[in-house]
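Me: I would like to learn how to read a protein model. Can we take one feature at a time?

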Amino acid sequence: AAAAGASGTSDGVVRVVPRVALHEFTSDHYHALVADPAPVIRGILTLLTEDAEWSDGVVLDLGVGAENVVQFLLPFIRAASAAIRAAFPPNAQNSKQLIITLTAPVARTTGSKLQMWSAADLRVLQELVDYVYIQFYDYSDPSHPALPGEVGVPNAPLPWIMEGLLHVVPPSERGR
């Protein structure tokens, strides 16, 4: 699925970036994506080429919450990054941004040991993508209702967000 979104920048320019969402992917789909990323990458490059006049890049909404998700999807992310950078060089006038979205880095129960991804993963990603969006808004939905004792939790609680951010931001980077 693809949807367009807009992203503001520090230079005041609004960037239009189509969103490629992988939310409907099953485990088998993700394994196939990692084994052979070429078909999906060809689709992304086609989207960026056909929409070159108005598109400033692409958002890859990875849409998966699983332990060590970045390490698992890294072959696909590397291949997508290399293909986009080759087709649309970063310093060229027609350059394109690569943005990925990830689920929150830790499981939604405070103190959980389940690690979706880490600060080390973020350091690898910073070499491959322009932005990483962290989806903390997916705390409570029909497939993950409020935890016992919580009543109508439409937004993620601040302690859980802080736990997730502290999990991926190295101590030397905090407070900036």
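Reply: What follows goes from the whole chain to single residues. Keep in mind that this is a predicted model.

Me: Let us begin with the overall layout. How many helices and strands does the chain have?

Reply: The chain has 5 helices and 5 strands. Their order along the sequence is β-β-α-α-β-α-β-α-β-α.

Me: What share of the residues is buried?

Reply: Buried means under 20% relative accessible area. Of the 176 residues in this chain, 37% count as buried. The chain also has an outer surface: about 9800 Å² is exposed, and carbon and sulfur atoms supply 57% of that area.

Me: How do I read contacts along the sequence? What share of them join residues at least 24 apart?

Reply: Take the contacts between residues at least 6 apart in sequence. Here 70% of them join residues at least 24 apart.

Me: Now the strands. Is β4 enclosed or open?

Reply: Count its buried residues. Strand β4 covers residues 97-103, and 7 of the 7 are buried, so the strand is largely enclosed by the rest of the structure. Then check each face. Q97, I99, T101 and T103 are buried on one side of β4, and L98, I100 and L102 are buried on the other.

Me: Which strands pair with β4?

Reply: Strand β3, residues 57-61, pairs with β4 in the parallel sense over 5 bridges. Strand β5, residues 131-135, also runs parallel to β4 and is joined to it by 5 bridges. Follow one residue to see both pairings. I100 is the bridge partner of L60, and I100 stands opposite V132 in β5.

Me: Can we look at one residue of β3? Which residues does V59 touch?

Reply: V59 is found in strand β3. Its relative accessibility is 6%, so V59 counts as buried. Beyond its neighbours within four places in sequence, V59 is in contact with V17, P18, R19, V20, I99 and T101. Take I99 from that list. V59 and I99 are 40 residues apart along the chain, yet their C-alpha atoms are separated by 4.6 Å.

Me: On to helices. Why would buried residues line one face?

Reply: An α-helix has 3.6 residues a turn, so residues three or four places apart point the same way. Now the case here. In helix α1, residues 27-35, the residues Y30, L33 and V34 are buried. Seen down the helix axis, the buried residues of α1 fall within an arc of 95 degrees, so they line one face. The face turned away from that side carries the exposed residues D28 and A35.

Me: What do the buried residues of α1 pack against?

Reply: They pack against α2 (38-50) and α3 (69-87). F76 shows some of the detail. F76 lies in helix α3. It has 1% relative accessibility, so F76 counts as buried. Setting aside neighbours within four places in sequence, F76 is in contact with L33, P37, V40, I41, I44, L60 and L62. Compare sequence and space once again. F76 and A38 are 38 residues apart in sequence and 8.8 Å apart in space, C-alpha to C-alpha.

Me: Last, the surface. Which residues make the nonpolar patch?

Reply: L158, M162, L165 and L166 make a nonpolar surface patch of about 350 Å². Look at M162 on its own. M162 sits in helix α5, residues 158-168. Its relative accessible area is 39%, which makes M162 partly exposed.

Notes: Residues are numbered from 1 along each chain as its sequence is written. This is a predicted model: local features need pLDDT of at least 70, side-chain atom pairs count only at pLDDT 80 or more; totals for chains, interfaces and linings use all residues. Side-chain values use heavy atoms; hydrogens and water are left out. Patches are made of residues with over 30% relative accessible area and no salt bridge: like charges are joined within 9 Å, nonpolar side chains (Val, Leu, Ile, Met, Phe, Trp, Tyr) within 5 Å. Accessible areas come from the Shrake-Rupley method with a 1.4 Å probe; for residues, only the protein chains shown count as cover. A salt bridge is a side-chain nitrogen of Lys or Arg within 4 Å of a carboxyl oxygen of Asp or Glu. Helices (H or I, at least four residues) and strands (E, at least two) are DSSP runs, numbered from the N terminus. Buried means under 20% relative accessible area, exposed over 50%, partly exposed in between (1.4 Å probe, protein chains only). Contact means heavy atoms within 4.5 Å. Two strands pair if DSSP finds at least two bridges between them. The arc is that of the directions from the helix axis to the C-beta atoms.
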